[in-house]
Amino acid sequence: MHIAFAASECVPFSKTGGLADVVGALPRALAALGHQVSVYIPRYRQTKLNDPQTVVRSITIPFDDKYRFCSVVAAGATAGVRFYFVEYPQYFDREALYGSPAGDYPDNAERFAMFSRAVLEASKILGVPHVFHCHDWQSALVPVMLRTLYAEDPAFRDVATVFTIHNMGYQGLFPPDTLPLLMLPWDLLTISKMEFFGQVNFLKGALVLSDYVTTVSKKYSQEIQTTEYGFGLEGVLRQRAATVTGILNGVDYDEWSPQTDKFAAAKYSPQDLSGKLKCKHDLLHAFGVTNADSKVPVIGIVSRFAAQKGFDLIAQIMDRLAREEMIVVALGAGDKPYEEMFLRLNKQFPNKIAVKVAYDNAIAHKIEAGADMFLIPSRYEPCGLNQIYSLKYGTVPIVRATGGLDDTIEPWDARTGKGTGFKFTDYTGEALLATIKQALLAYQDPSSWQTLMRNGMSRDFSWGASAREYGKIYERARQARASADAAPVTTDLKKEPVLG
Ligand code: ADP
Ligand code: GLC
């Protein structure tokens, strides 16, 4: 089967979070199963390409105010996957992917609408896939355009769409007149399509118009159908429940393994854990901590700083946590209030929490390798990758039992010697503190701690099984499309009342 990915991030070309890891790794796992895979992403300033070749010189993208012309560049094929980059420097040659410290770029609707339309147009030249697999709001207009602007286009008659939600917290909300600007029909502005409290909601469009919807863990696929986690779209998801599936993200162990990690100070394995101590010294050194006893447990954090990640709980308990034998090392960047909060905590408790406000892949690896525990107290977490990386590094996860964190971490039981980490459920500082204390206590017994480390290191979250699940979803999406073709969505669209 030919599958075309459309996404806004992909390792090693561009990254702000886990989406990039997934789009970098899943296509290779699909190719290994025999599928033909193309990946479309924007060409940003941070995108480094070896030997780029222009493969589509000019695509005309009509907007209400004027035409714009973009091109598509190919940069070879890696492990059977072809990568295509939509090039339009006015939109993508910028400091960051989505916005500046002042907020989102004001033309994000146009930027990602152009990207989505360019993917469709380019595929007509480079090869129309059997399935478009789109990710998050930035490529949500691919299914929307396919079922509206391109509904009568014979090139796309049998093409199915699968849409993966990586995060319900980001939906792509824009004012109503975005629709005519992007040449999309007004009849999308109805409650049953893209309208959301008077605005146009890109994510909602994809949830309604894709053939199949997936999200990145089983638990999150259920959570998002509730008011607490649905961000206002729980009703839409409940309506589509029969076509919503949770498929857990895998991990690229070529990138994330203590046996091969090129950023770690020493290699280690379940059979020989001795290298981890060297990694711990190296990590403390990287954070400028020179006076710590190596017996003191190190709790690592690597994160986007955003409300989702639950770090307000750390601030609530830091004074009490500081009385414990431990040190926190935190790497993160993102929302200003959280950056400032961590810097403040570092000032207040300089011997207990070391902080780097930065995006730094090498340090992220050093934390995975050198820390004893890894903390993810998220409010919600669609999948979460760092706790899965941590397992492989014998860096014991302490997580809140939500979404993929709950699906991937098994609670440690010292009596049976089973389990891989520590979990708490209530979103409170008390629950977090009690769980960290439980972990610190367990750390006092080196032999059972090593059992706990090895339990985690033995778990296998490689992509193979999840890629096969996606294969089944692609098949189902194609069947759904084949039956939908008998009763096209467009007829339905034309019957909707026209607003505006
Ligand atoms: P999310 O996508 O919500 O940010 P994930 O756990 O799925 O969370 O993925 C985060 C990815 O981004 C991981 O690969 C993690 O190592 C990386 N990452 C997050 N913050 C940083 C940072 N400050 N520096 C380097 N890597 C980071
Ligand atoms: C999102 C989620 C994260 C998930 C990642 C990749 O950014 O916040 O939980 O692991 O996407 O699917």
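User: How many salt bridges does a search of the whole structure find?

Analyst: The search finds 22 of them. Keep in mind that this is a predicted model, so each value here is computed from predicted atoms.

User: Why is the pair of Asp252 and Arg28 called a salt bridge?

Analyst: Let's set the value against the rule. A side-chain nitrogen of Lys or Arg must lie within 4 Å of a carboxyl oxygen of Asp or Glu. Here the partners are an Arg and an Asp, and N to O is 2.9 Å. That value is within 4 Å, so the pair qualifies.

User: What makes the pair of Asp252 and Arg28 a tie between parts of the chain?

Analyst: Look at where each one sits. Asp252 is in the loop between β14 (244–246) and α9 (275–286), while Arg28 belongs to helix α1. These parts are 224 residues apart in sequence, so the pair ties them together.

User: Which domains is the chain divided into?

Analyst: Domain 1 covers 2–250 + 465–486, and domain 2 covers 275–457. Taken over C-alpha atoms, their centres are 33 Å apart. Even so, there is a contact, to which domain 1 gives 19 residues and domain 2 gives 20 residues.

User: How much area is buried between domain 1 and domain 2?

Analyst: About 1400 Å², with carbon and sulfur atoms giving 54% of it. On the side of domain 1, Lys219, Tyr229 and Leu248 supply 28% of the area that this domain buries against domain 2, more than any other three residues.

User: How many salt bridges cross the interface of domain 1 and domain 2, and how do you know that Asp406 and Lys219 form one?

Analyst: The rule finds 1 across that interface. For Asp406 and Lys219, the closest N and O atoms are 2.7 Å apart. Check it as before: a Lys faces an Asp, and 2.7 Å is within the 4 Å cut-off, so this pair is a salt bridge too.

User: How many residue pairs are in polar contact between domain 1 and domain 2?

Analyst: The count is 11, with both residues at pLDDT 80 or more. On the side of domain 1 that touches domain 2, the elements giving two or more residues are α1 (18–32) and α7 (218–223). Helix α7 gives the most, with 4 residues. By class, that side has 6 nonpolar, 8 polar and 5 charged residues.

User: Which residues come nearest to ligand 1?

Analyst: There are 22 residues around ligand 1, and Lys15, Gly18, Arg304, Lys309 and Leu385 come nearest.

User: What makes the pairing of Asp21 with ligand 1 a polar contact?

Analyst: The test is a pair of N or O atoms within 3.5 Å. An N or O atom in the side chain of Asp21 is 3.4 Å from an oxygen atom of ligand 1, so the pair passes. An oxygen atom of ligand 1 is also 2.6 Å from a polar backbone atom of Gly18 and 2.8 Å from a side-chain N or O atom of Lys309. Both values are within 3.5 Å, so those pairs pass as well.

User: Which residues come nearest to ligand 2, and how do you know that Gly384 makes a polar contact with ligand 2?

Analyst: Of the 14 residues around ligand 2, the nearest are His166, Asn249, Glu381, Cys383 and Gly384. For Gly384, a backbone N or O atom is 2.8 Å from an oxygen atom of ligand 2, which is within 3.5 Å, so the contact counts. The side chain of Asn249 has an N or O atom 2.8 Å from an oxygen atom of ligand 2, and for the side chain of Asn167 the value is 3.4 Å.

Key:
Residues are numbered from 1 along each chain as its sequence is written. Chains are lettered from A and ligands numbered from 1 in the order in which they are written. This is a predicted model: local features need pLDDT of at least 70, side-chain atom pairs count only at pLDDT 80 or more; totals for chains, interfaces and linings use all residues. Side-chain values use heavy atoms; hydrogens and water are left out. Domain bounds come from an automatic or database domain assignment. Contact means heavy atoms within 4.5 Å. Buried area is the accessible area (1.4 Å probe) that two parts lose on being put together, summed over both. A polar contact is a pair of N or O atoms within 3.5 Å; within protein, one must be able to donate a hydrogen and the other to accept it, and residues adjacent in sequence count only if both atoms are side-chain atoms. Ala, Val, Leu, Ile, Met, Phe, Trp, Tyr, Cys and Pro count as nonpolar, Asp, Glu, Lys and Arg as charged, and the others, Gly among them, as polar. A residue is near a molecule or strand if one of its heavy atoms lies within 4 Å of it.
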